[in-house]
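Open the model in your viewer and keep the selection tool at hand. The stops below say what to pick next and what is found there.

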Amino acid sequence: MKALVVDDSRAMRKIIAGALRKLGYETVEAADGAEALEVLKSGSLPDLATVDWNMPVMDGLTFVTQVRANRDYRALTLMMVTTEAEHGQIVRALAAGAHEYLIKPFTVEALEEKLSLLGLLPEGAQA
């Protein structure tokens, strides 16, 4: 399974990508929504994209909206992974097309639980 990790923090990209690799994912990283769209345009569609909300160039909500507007990306599962914990923000992200929402800081177990809920936990995966 493949995952696209979208976050402007290099350290956070490494943490999320490392956790996903431990669960059996191949990962690709992008520093903002615009870069992530370029990744989607240039190759095979990942199974999952983890998306930060607050990023320069293109924020996570705009990325989610643009992905959902493109029929070619309908199969992509989107999970917001962000510090935005306000109920209204969560509702906005889910309404825009995100499938799940994980608030930073998080544990690998919390990430694993969200992936399990989405049916995206690779077979035999354990954090």
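Begin with Glu-38, which is partly exposed because its relative accessibility is 47%. This is a predicted model. Add Lys-41 to the selection: with a relative accessible area of 57%, Lys-41 is exposed. Show both side chains and look at the gap between them: Glu-38 and Lys-41 form a salt bridge, with 3.5 Å between the closest N and O atoms. Both residues belong to helix α2 (residues 33-42), where they are three residues apart, about one turn of the helix.

Now leave α2 for a group of charged residues elsewhere. Select Asp-7, Asp-52 and Lys-104, which are joined into one network by salt bridges that share partners. Within this group, pick the pair Asp-7 and Lys-104, whose closest N and O atoms are 2.7 Å apart in a salt bridge. Which parts of the chain does this pair tie together? Asp-7 is in the loop between β1 (2-6) and α1 (10-22), while Lys-104 is in the loop between β5 (100-103) and α5 (108-118), so the salt bridge links parts that lie 97 residues apart in sequence. Both Asp-7 and Lys-104 are buried.

Stay at Lys-104 and add Pro-105. The peptide bond from Lys-104 to Pro-105 is cis, with omega near -10 degrees. Pro-105, too, sits in the loop between β5 and α5.

For another charged pair, select Arg-13 and Glu-29. They form a salt bridge in which the closest N and O atoms are 3.3 Å apart. Arg-13 belongs to helix α1 and Glu-29 to strand β2 (residues 26-30), so here the parts tied together are 16 residues apart in sequence. Are these partners buried or exposed? Arg-13 counts as buried because its relative accessibility is 11%, and Glu-29, at 22%, counts as partly exposed. In total, the structure holds six salt bridges.

Next, hide the side chains and colour the strands. Five strands make up an open sheet, in the order β2-β1-β3-β4-β5, with parallel pairing. The edges are taken by β2 and β5; each has a single partner strand, so one side of each is left without a neighbour in the sheet. On average, neighbouring strands of this sheet are turned by 20 degrees against each other, direction ignored.

Select β3 and bring its side chains back. Leu-48 and Thr-50 point one way from the strand, Ala-49 and Val-51 point the other way, and all are buried. Turn to the pairing with β1: the two strands run parallel and are joined by four bridges. Val-6 has Val-51 as its bridge partner in β3, and Val-5 stands opposite Thr-50. Then add β4 (77-82), which also runs parallel to β3 and is joined to it by four bridges. Here the bridge partner of Leu-48 is Thr-77.

Follow the chain out of β3 to Val-57, in the loop between β3 (48-51) and α3 (60-68). Val-57 is not a glycine, yet its phi is positive, at about 70 degrees. With a relative accessibility of 72%, Val-57 counts as exposed. Widen the selection to β3, α3 and β4, which make a right-handed β-α-β unit.

Now select helix α4 (residues 87-96), whose buried residues are Gln-89, Ile-90 and Ala-93. Look down the helix axis: what do these buried residues line? They fall within an arc of 100 degrees, so they line one face of α4. On the other side of the helix, His-87 and Ala-95 are exposed. Show what surrounds the buried residues of α4, and you will find them packing against α3, β4 and β5. Just after the helix, stop at Gly-97, where phi is positive at about 130 degrees.

For the last view, show two helices together with the sheet. α4 lies across β4 and β5, and runs at about 145 degrees to β5. α2, where the tour began, lies across β1 and β2 and runs at about 155 degrees to β1.

Technical notes: Residues numbered from 1 in each chain as written. Predicted model: local features only at pLDDT ≥ 70, side-chain atom pairs only at ≥ 80, totals over all residues. Heavy atoms only, no water. Salt bridge = Lys/Arg side-chain N within 4 Å of Asp/Glu carboxyl O. Buried < 20%, exposed > 50% of the residue type's maximum accessible area, 1.4 Å probe, protein only. Arc of directions from axis to C-beta. Contact = heavy atoms within 4.5 Å. Pairing = 2+ DSSP bridges. Right-handed = clockwise from strand over helix to strand, strands pointing away. Axes fitted to C-alpha atoms, helices over the stretch in contact; angles between N-to-C directions.
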